[in-house]
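Let us work through a protein structure by question and answer. Keep the model open as you read.

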Amino acid sequence: MAAALLEGLASATSLEWLAAETRALDSALRREPDAGQRIVGFLLGDDTLMPPFPGLLRYLGWTAMARFLRPVVNAFGAWRDEERWLRRYCPTCGSLPAMAQLVGVDPGRRRLLSCGCCGTRWQYKRTGCPFCEIDAQRLASVSVEGEPGLRIDHCESCGGYLKTYNGQGDETFSLSDWSSLHLDLIAHDRGLKRLAASLYEFDPARHP
């Protein structure tokens, strides 16, 4: 699916820069034996594949992978025992969470972590940092003006942060990670560190 997506973009896109980059990627991957397996390995951390424009391959590859895995993720979410997992990393692909969501009402409110790679959501303890795993009674939070449903939770121990959606009903957009890249810039300006897996890499110095 990822290889087919690359091939289609290389031949059909009207954006000159995107066409050039996808053509370069497509050409490089065609020279790889068993390109599909090589792409999967790259997405899961194999650094022996060194393609041109690795960020573009990471984004397009995970876009295809998430769509391919969607039926598995949905079925897995329907039967797994959330109380027996409670780990900081994604139960489907092993990535660290890109975002969190608070659901329900107190005192039984739950926190779900959301994978920015495959789209899996899973339960995690309310008071724990998913990066250094320190258990604090309350993670520090930064509210964002004009974004009542979003905030930045951060750990005072490791400095890692997690963008948090404080609501329900708009998960597809609000937990998509790309829709809240401005929160990453705010967090960077406050000296916080993105320790989560990400499909997006940008230089904050270029975005004053």
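The turns below cover cores, strands, single residues and empty space in this predicted model.

Student: Which element gives the most to the largest nonpolar core?
Tutor: That core has 35 residues. The elements α1 (2-12), α2 (16-30), α3 (35-43), α4 (54-79) and β3 (121-124) each supply at least two of them. With 8 residues, the top contributor is α4.

Student: Which residues have the most contacts inside the largest nonpolar core?
Tutor: Take C93 as an example. Beyond four places in sequence, C93 touches L44, W62, C115, C117 and C118. Within the core, the residues with the most contacts are L57, W62, C93, C115 and C118.

Student: How many residues are in the second, separate core?
Tutor: Look for M99, V142, Y165 and L192, which are included in this core. M99 also belongs to strand β1, where M99, Q101 and V103 are buried on one side. The size of the second core is 12 residues.

Student: Why is strand β1 described as largely enclosed by the rest of the structure?
Tutor: Check both faces. M99, Q101 and V103 lie on one side, A100 and L102 on the other, and all are buried. Buried here means under 20% relative accessible area. β1 is largely enclosed because the buried count for residues 99-103 is 5 of 5.

Student: In which sense does β1 pair with β6?
Tutor: Start with the other partner, β2 (residues 110-114), which pairs with β1 in the antiparallel sense over 5 bridges. There, L102 has R111 as its bridge partner. Turn to β6 (residues 161-165): A100 stands opposite T164. Over 3 bridges, β1 and β6 pair in a sense that is parallel.

Student: How many bridges join β5 and β6?
Tutor: These strands run antiparallel. One bridge pairs L150 with Y165 in β6. The hairpin has 6 residues between its strands, and G159 takes a positive phi near 80 degrees. The β5 and β6 pairing has a bridge count of 5.

Student: Which residue takes a positive phi in the hairpin of β4 and β5?
Tutor: β4 (residues 140-143) pairs with β5 in the antiparallel sense over 4 bridges. Within that pairing, S141 stands opposite D153. The hairpin has 6 residues between the strands, and the one with phi near 85 degrees is G146.

Student: Is H154 buried or exposed?
Tutor: Place H154 in strand β5. That strand is mostly covered, with 4 of its 5 residues buried. Leaving aside neighbours within four places, H154 contacts L139, A140, S141, V142, G160, Y161 and L192. Its relative accessibility is 15%, so H154 counts as buried.

Student: What separates the C-alpha atoms of C117 and A66?
Tutor: C117 lies in the loop between β2 and β3, and is buried at 9% relative accessible area. Beyond four places in sequence, C117 is in contact with W62, A66, C93, S95, A197 and L199. C117 and A66 are 51 residues apart along the chain, but their C-alpha atoms are separated by 6.9 Å.

Student: What is the volume of the largest cavity?
Tutor: The structure holds 1 cavity of 30 Å³ or more. Among the residues lining the largest cavity are C129, F131, D153, H154 and Y161. β5 (150-154) and β6 each supply at least two lining residues. By class, the lining has 7 nonpolar, 2 polar and 1 charged residues. The volume is about 30 Å³.

Student: Which element gives the most to the lining of the largest pocket?
Tutor: The pocket holds about 720 Å³ of space. Its lining has 30 residues, with R70, C115, C118, G119 and L175 nearest the centre. At least two lining residues each come from α4, β2, β3 and α6 (171-174). With 9 residues, the top contributor is α4.

Student: How many charged residues are in the lining of the largest pocket?
Tutor: Sort the lining by class. There are 13 nonpolar and 10 polar residues. R70, one of the residues nearest the centre, falls in the charged class. The charged count is 7.

Key. Residues numbered from 1 in each chain as written. Predicted model: local features only at pLDDT ≥ 70, side-chain atom pairs only at ≥ 80, totals over all residues. Heavy atoms only, no water. Core = buried A, V, L, I, M, F, W, Y, C linked by side-chain atoms within 4.5 Å. Buried < 20%, exposed > 50% of the residue type's maximum accessible area, 1.4 Å probe, protein only. Contact = heavy atoms within 4.5 Å. Pairing = 2+ DSSP bridges. 1 Å grid on protein atoms, 1.4 Å probe; cavity = no way out; pocket = protein on both sides within 12 Å on 5 of 7 lines; lining within 4 Å. Points joined across faces, edges and corners; volume = space filled by probe spheres on them.
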